[in-house]
Amino acid sequence: MNKHLLCLILGIFLLHGCAAKKTSPELDQPPAADQEYEEMYDETDENGAYPDSIEGFNRGVFAFNDGFITYVFSPIDTVYTGFFPPDIRAGFGNFYRNLGYPVRLINALLQFKFDKMAKETASFALNTVFGVGGLFNVTRNMPSLQTSPEDFSQTLAFYGLGSGTYLVLPILGPTTLRDAAGSVADSFAHPLSLVTPDSAKYALIGHDKANAASANLPTYKSIKEESFDHYTSMKDVYFQYRIGLEKE
Amino acid sequence: MRILFFLLIMLLPAPTLAQDNPTSYIRANVDAVVAILTSPEYESETNKTEQLRQIEAVVDNFFDSEELSKRSLGQYWRIFTDEQKAEFQPLFLKLIKQVYLKKSVSYNGEVVNYNQELIKSDTLAEVHTTLTSPDLNMPIIYYMIRKDASWKVYDVSVENVSLVKNYRSQFRSILQNKSPEDLIATLKEKTNE
């Protein structure tokens, strides 16, 4: 508990330094660039790149993670996907997503997104009652209930905090300082944090993460295959996806 | 004289309705590809190459290769010589087509919903779609440009991740240390040319 708090405080402290360094969007434009080809990057520095002040370290961890995915996670995933058919794995994903409702609700509230709170609450109620505790996503075909998930990192962005540097964590993968701090904060509000004993709690959290990673593995492989610079491509995908979420 | 002018206009190929409207252009192309993918004619393994060739023929005119290259290279487009630009464009288009083909063969009965069409100007438009299946709900946006009669695609974004922006990040990181020639060589390697 104390360790988590320390991480959070340290994270926010580090973020402050990064947020202060952020330049205005006008200065981010490369001087020689044709205006019409340069769409605005929200989190880019003067070179038009995403903040990555510890690139050397990140690249090292990224290479380690890639090895881990290729030689450890992929073989396990083959067994896992062979054992559980796609419907069951989708059911696990639906269950954990539904369970994360309090986190999304609190963060929508903190950003005064009342419309999202209503959508989240309606989805949670319908999926819990008619989707057998959230195993089935019965609201998937209801366009009026579709919304993007909120988390604490987006709340911090809402209040003007910059993303901080890009960070690749061992096993856990790509994140930023703000996203990492946000995840720690969100974990306290997640119902899984209430599970006792600890061994059951960590087993469930581990299964949630592994099941999600298993669903994303084909995308990871195709990015690796299609890219010229795998590290830069993944970093770009991560930032574009996160910035897209912040805007919604 | 006036009659001659009128006759000339009449003789010009009339732009078809499908090309006039960004959404129907996307729809026509997507429908054509899905029709080839689901055709029983290509069920057997021996016909798979033919199936790919058919899809490739449809996809051939889907993208605007100059616009794709220009926007993916961003500020570096200017340091490319005319010869390098001419060499880069078809190679990059080929790579994008390969990516598109690989994605399309994994088609598994997904349905495309056309949600919104944004006309940005006379020459720029966005078509917002969602790809849905029992365990998927994926927003896809087609960014389109019209240089002549027909609209063409210059960027595709999936879950807010733009293809062009992604390649631009990579090309920027490569061209900071390497020459356009090196990039073209890598591109050739990637596309097996």
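**Exercise 1. Strand pairing in chain A**

Which residue is the bridge partner of A:Y166 in β2(A)? Describe the pairing in this predicted model.

*Solution.*
Step 1. The strands concerned are β1 (residues 166-169) and β2 (residues 173-176) of chain A, which run antiparallel and are joined by 4 bridges.
Step 2. Within this pairing, A:Y166 has A:T176 as its bridge partner.
Step 3. The connection is a hairpin with 3 residues between β1(A) and β2(A). In the turn, A:I171 has a positive phi of about 65°.

**Exercise 2. The setting of the hairpin**

Describe the order of elements in chain A and the extent of its burial.

*Solution.*
Step 1. Chain A contains 10 helices and 2 strands.
Step 2. Read from the N terminus, the elements follow the order α-α-α-α-α-α-α-β-β-α-α-α.
Step 3. Of the 248 residues in chain A, 27% are buried.
Step 4. Among contacts in chain A between residues at least 6 apart in sequence, 65% join residues at least 24 apart.

**Exercise 3. A helix pair in chain A**

Determine the relative orientation of α5(A) and α6(A), and identify the residues that make their contact.

*Solution.*
Step 1. The axes of α5 (residues 101-110) and α6 (residues 114-130) of chain A come within 9 Å and cross at roughly 165°.
Step 2. An angle over 145 degrees counts as roughly antiparallel; α5(A) and α6(A) are therefore roughly antiparallel to each other.
Step 3. The crossing in which α5(A) passes α6(A) is left-handed.
Step 4. On the α5(A) side, the contact is made by A:Y101, A:R104, A:L105, A:A108 and A:L109, and on the α6(A) side by A:K116, A:M117, A:E120, A:T121 and A:F124.
Step 5. Sorted by class, this contact of α5(A) with α6(A) has 6 nonpolar, 1 polar and 3 charged residues.

**Exercise 4. The side of chain B that touches chain A**

State which elements of chain B supply this side, and give its composition by class.

*Solution.*
Step 1. In the contact between the chains, 20 residues of chain B meet 21 residues of chain A.
Step 2. At least two residues each are supplied by α5 (65-73), β5 (161-162) and α7 (163-175) of chain B.
Step 3. The largest share, 7 residues, comes from α7(B).
Step 4. The classes on this side of chain B are 3 nonpolar, 10 polar and 7 charged residues.

**Exercise 5. Helix α5 of chain B**

Establish how far α5(B) is covered and what its buried residues pack against.

*Solution.*
Step 1. α5(B) is mostly covered, with 8 of its 9 residues buried.
Step 2. Among the buried residues of α5(B) are B:L68, B:K70, B:R71 and B:L73.
Step 3. The buried residues of α5(B) pack against α6 (82-105), β3 (136-146), β4 (151-158) and α7 of chain B.
Step 4. After α5(B) comes B:G74, with a positive phi near 55°.

Note on methods:
Residues numbered from 1 in each chain as written. Chains lettered and ligands numbered in written order. Predicted model: local features only at pLDDT ≥ 70, side-chain atom pairs only at ≥ 80, totals over all residues. Contact = placed C-beta atoms within 7 Å. Nonpolar A, V, L, I, M, F, W, Y, C, P; charged D, E, K, R; others polar. Pairing = 2+ DSSP bridges. Buried ≥ 20, exposed ≤ 12 C-beta atoms within 10 Å, placed from the backbone. Axes fitted to C-alpha atoms, helices over the stretch in contact; angles between N-to-C directions. Parallel < 35°, antiparallel > 145°, perpendicular 65-115°, else oblique. Left-handed = near helix turned anticlockwise from the far one by under 90°.
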